[in-house]
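User: Please take me through some local geometry in this model, with the cut-offs behind each term.

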Amino acid sequence: MRTLLRHDVPASIVVFLIAIPLSLGIAAASGAPLLAGLIAAVVGGIVAGALSGSPLQVSGPAAGLTVIVAGAVTELGWAGTTAVVALAGLVQIVLGVSRLGRAALALSPAVVHGMLAGIGIVIALSQVHVVLGGDPQSTPWRNLRDLPAQIAGNHGVSIGIGVLTIAILLIWPRFVKISLLPGALIAVAVATATAALAGLDIARVDLPDRPLDELTFPRWPDAPPLRVAGIVLTIALVASVESLLSAVAVDKLHNGKRADLNRELLAQGAANTVSGALGGLPVTGVIVRSSTNVAAGARTRASAVLHGCWIAVCVLLFAGLLEQIPLSALAGVLVVVGLRLVSMAQIKAYVRHRELPTYLVTALGVIFTDLLTGVALGMATAVLLMLARLARCEIHRSSPAPGRWLVVITGTLAFIGSGRVARELAAVPPGESVELELHLDYLDHGAFETIQDWRDAYERGGGRVHIEEVHDSWFHRATSGRLGVNRSQPGRLPRFLGSWAQWISLNEQRRDAMAAGIDEFERSVAPLVRPHLAGLAREGQRPEQLFITCADSRVVPNMITTSGPGDLFCLRNVGNIVPAHGAGDSSVGAGIEYAVDVLGVATITVCGHSGCGAVRAMMDGAAGPDTALGSWLASAGTDLTGRAHEEDCIAANVERQLANLRTYPSVRRAVDEGRLELTGLYFDLAEARMYNVADGVRSPVSAL
């Protein structure tokens, strides 16, 4: 009860004050009885509010349906339109029961916002005629065509009231931040008071003296069934999409319970069924009232329900006061509301995301044709733009050295781009060495055949082609899947995991593998790591760990620890050996002392690996003491002769090197002070798995 009185009741009053002028204005713009807008506001508040899946959303008549309703009223009459509204509500209920709430959000937001922008301009074009003292025409084009003559004509007193309303609406929010005094209410109140005090002879709101006796009940429209079904579906779908988008937007305004979109569809369907049955306008969730509700401090759905109750009380008890409102004041409100549906923030967002054509085509289609045609044109534009992006690729051709060519294709490569690819590849001089680099997120069969046919023809002409794929292997998967074709290039690992043998041809390996690798690094990897390396260059290295491992070419420390530049201070030698302090060799000891005393590492790890040649040599005694290798292995201090199990020997060697580490004063001092930890690891090459080594026992690191 405390929450209701402290938060929901004040918020409901604020929303009620906004809803009154908007509901009357939307009814006037729709060509419906003004009472219909108030009925929809009451039903939207009470029925939709009570059942809503979005607790803080406020429903009522919306500007987004004005064009559709106006067309239905012209074609079917008002009684027929109310029947259509009720049927549209039943369709929404079916959609909600079918749990299709989120499916409505699959429509491109650019189409939805373009539709609303078009509707807003249509509303503004029609209502500006009312502000100027005239009558709106039947179509937007006629409103636009007749606007110059209307501006030049005799406007009477209505233009003054309309301009006053618009001016207050534009100025009020800039200077007054009191939520209990919404701009629409103040503008209409001032305009009404001005007209009354000046005794102006001006068209005003006309409501029935006894509203309950003047309700318009539905009557089946006198129109072909297919036409009726089309209008029903249009109202149902547009109202559903607008309500669901509003619910999603409201979720972003508060931290409370998220919207249940399927339940919201049921609530909107029930409200539209009741509103149509009572002779009201269609109901949707309205972002203007909903955002005001949240800003005013509402906490529960009680605010929306109460705002509907206040409107009902106002209609039943204060209809005479509402009849003092000039129609040109309501028209001024709608001109501003309509123009605000054209959001510059949304336009800028669609420019950034390259969706402006969809937005503009939809808006212009709604303005110059009709709503359904405009939405259909917008959806077609969205699909075409999507296909164009899917077929987009970039092709760069260069010659890094005489007789060598590099062709890089990036993006999505579909059959639509095959002609361009064929032209670029055909421009490569015959008989030379070509590196074709594919950075593709998709490759369809038509584009694959284009590249494959070119390669076959180019190699028949004496040229050499090497195809390399980065990030994925669309081409090589397609190649391996072709029956009866024997290719010399198997599928490859990504370069950062593969060796030269996996991505450079054998001839290149023999000649300039290192140069090719450096070139690849500078072209593909350097741009990604340059900012990080630049920071390390400025700030110096601060690694957390000293990593001592074998010099074996199969062991890649950064790969098996998933680390990068600046993470590991590495010492590598044959057999991951740490000669004891004072044993004669000082190279490893110098690295240890530098890591502990200068870099301040927190961990020293000794990592052995399966298949270690140094450990085998220690087991077999193969390296004589008079050789450099034998002398080096002897410095390990590990006696492995006669042992049978290689894994145990490798673990024993790791533990021995950990013991040798403790002979260094700097290491011993840091361990005693608790700022250094010593660990042992065993890497199984065949399994590509790391094990912890402690007290002669190996256990998976991931299990610790």
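The questions and answers below cover helix packing, aromatic pairs, burial and backbone angles.

Analyst: This is a predicted model, in which local features need pLDDT of at least 70 and side-chain atom pairs count only at pLDDT 80 or more, while totals for chains, interfaces and linings use all residues. Residues are numbered from 1 along each chain as its sequence is written, and side-chain values use heavy atoms, with hydrogens and water left out.

User: How are α3 and α9 oriented to each other?

Analyst: Helices (H or I, at least four residues) and strands (E, at least two) are DSSP runs numbered from the N terminus, and axes are lines fitted to C-alpha atoms, for helices over the stretch in contact, with angles from 0 to 180 degrees between N-to-C directions. The axes of α3 (residues 66-97) and α9 (residues 261-277) come within 7 Å and cross at roughly 160°. Angles under 35 degrees count as roughly parallel, over 145 as roughly antiparallel, 65 to 115 as roughly perpendicular and the rest as oblique. The two helices α3 and α9 are therefore roughly antiparallel.

User: What is the angle at which α1 and α13 pack, and which residues of α13 are met by α1?

Analyst: Helix α1 (residues 2-30) and helix α13 (residues 327-340) have their axes 9 Å apart and pack at an angle of about 90°, and they are therefore roughly perpendicular to each other. Contact means heavy atoms within 4.5 Å, and on the α1 side it involves Pro 21, Leu 22, Leu 24, Gly 25, Ile 26 and Ala 29. The residues met in α13 are Leu 330, Val 333, Leu 334 and Val 337.

User: How many aromatic pairs does a search of the whole structure find, and what is the class of the pair Trp 141 and Phe 368?

Analyst: Rings of Phe, Tyr and Trp (its six-membered ring) pair if their centres lie within 6.5 Å, and planes under 30 degrees apart count as stacked, over 60 as edge-to-face and the rest as tilted. The search finds five aromatic pairs. For Trp 141 and Phe 368, the ring centres are 6.2 Å apart and the planes stand at 55°, so the pair is tilted.

User: Where in the chain do Trp 141 and Phe 368 lie, and how many residues apart are they?

Analyst: This pair links distant parts of the chain, since Trp 141 belongs to helix α5 (residues 140-152) and Phe 368 to helix α15 (residues 356-368). Their separation in the chain is 227 residues.

User: Is Tyr 359 buried or exposed?

Analyst: Buried means under 20% relative accessible area, exposed over 50% and partly exposed in between (1.4 Å probe, protein chains only). The ring of Tyr 359 pairs with that of Tyr 350, with centres 5.7 Å apart and planes at 35°, so this pair is tilted. Tyr 350 has a relative accessible area of 8% and is buried. With a relative accessible area of 2%, Tyr 359 is buried.

User: What is the phi of Asn 576, and what is that of Ala 688?

Analyst: Most residues other than glycine have a negative phi. Asn 576, in the loop between β8 (568-573) and α23 (587-599), counts as buried at 2% relative accessibility, whereas Ala 688, in the loop between β10 (677-684) and β11 (689-694), is exposed at 57%. Neither residue is a glycine, yet phi is positive in each, at about 40° for Asn 576 and about 55° for Ala 688.
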